[in-house]
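Trainee: I would like a close look at one part of this protein, the open sheet. Please place it in the whole chain, then take me through its strands and what they touch.

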Amino acid sequence: MILSRKLRSLQAVNGRAGLAYWCQGCDGIHTILIDGKGSPNWHWDGNKDKPTFQPSVLLRSPDRTCHTYVRNGIVTFLPDCTHKYKGTDQPLPDLPEWLQEEEYAD
Ligand SMILES: [Zn+2]
């Protein structure tokens, strides 16, 4: 379900609630689980346009690290990121149009 130009809600595979947003550093979607049960789990402040997530979001794969704080709609890319935005603050980008379409299956 579309929450705003920045956020979609989604049902994770295991049935837990999640949020999806775009990452300009990875040029891809990031998802976090927010429903309070299980681990990992993030706190979302409920703001759809300028969200805050706690704690930081860390994604690690063999060829990439992306480690961010999302606070008040600003993405802080920490110095351990392996992409060009490391060490910078960037506005949370709008979702690409194909992810803003309601018929996209969650
Ligand atoms: Zn990323």
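Mentor: The protein has one helix and eight strands. This is a predicted model. Along the sequence the pattern reads β-β-β-β-β-β-β-β-α. The radius of gyration is 13 Å, close to the 13 Å from the globule rule for 106 residues, so the protein is as compact as a globular protein of that length. Its C-alpha trace spans about 35 × 30 × 25 Å along the principal axes. Of the 106 residues, 18% count as buried. Take the contacts between residues at least 6 apart in sequence: 31% of them join residues at least 24 apart.

Now the sheet. Three strands make it up, in the order β1-β2-β3. The sheet is open, and its pairing is antiparallel. The edges belong to β1 (8–11) and β3 (28–33). Each of these two has a single partner strand, so one side of each is left without a neighbour in the sheet. On average, neighbouring strands here are turned by 35° against each other, direction ignored.

Go through the pairings one at a time. Strands of a sheet pair through backbone hydrogen bonds, either parallel or antiparallel. Four bridges link β1 with β2 (residues 17–23), in the antiparallel sense. Within β2, A17 stands opposite Q11. On the β3 side, β2 is joined by six bridges, again antiparallel. There C23 has G28 of β3 as its bridge partner. A hairpin connects β2 and β3, with four residues between them. In that turn, D27 has a positive phi of about 50°.

Next, what does β2 bring to the nonpolar core? The largest such core has 14 residues. Y21, W22, V70, V75 and L92 touch the most other members. At least two core residues come from each of β2, β5 (53–61), β6 (64–71) and β7 (74–77). The strand that gives the most is β2, with four residues. Look at Y21 in particular. Leaving aside its neighbours within four places in sequence, Y21 is in contact with K6, L7, H30 and L92.

That core leads on to β6 and β7, which also supply residues to it. These two strands pair in the antiparallel sense over four bridges. Y69 stands opposite T76 of β7. The strands form a hairpin with two residues between them. N72 takes a positive phi near 55° in this hairpin.

On its other pairing, β7 is joined to β8 (residues 89–91) by three bridges, and the two run antiparallel. Here I74 stands opposite P91 in β8.

The faces of β7 deserve a look as well. In a regular strand the side chains alternate between the two faces of the sheet. In β7, V75 and F77 make up the covered face. I74 and T76 make up the uncovered one. Set this beside the core: V75, on the covered face, is one of the residues that touch the most other core members. T76, on the uncovered face, is the residue opposite Y69. I74, also on the uncovered face, is the residue opposite P91.

Back to your sheet, then. Keep β2 in view: it is joined to β3 by six bridges, it pairs with β1 over four, and it gives the most to the largest nonpolar core.

Key: Residues numbered from 1 in each chain as written. Predicted model: local features only at pLDDT ≥ 70, side-chain atom pairs only at ≥ 80, totals over all residues. Pairing = 2+ DSSP bridges. Axes fitted to C-alpha atoms, helices over the stretch in contact; angles between N-to-C directions. Core = buried A, V, L, I, M, F, W, Y, C linked by C-beta atoms within 7 Å. Buried ≥ 20, exposed ≤ 12 C-beta atoms within 10 Å, placed from the backbone. Contact = placed C-beta atoms within 7 Å. Rg over C-alpha atoms; globule rule 2.2 N^0.38 Å.
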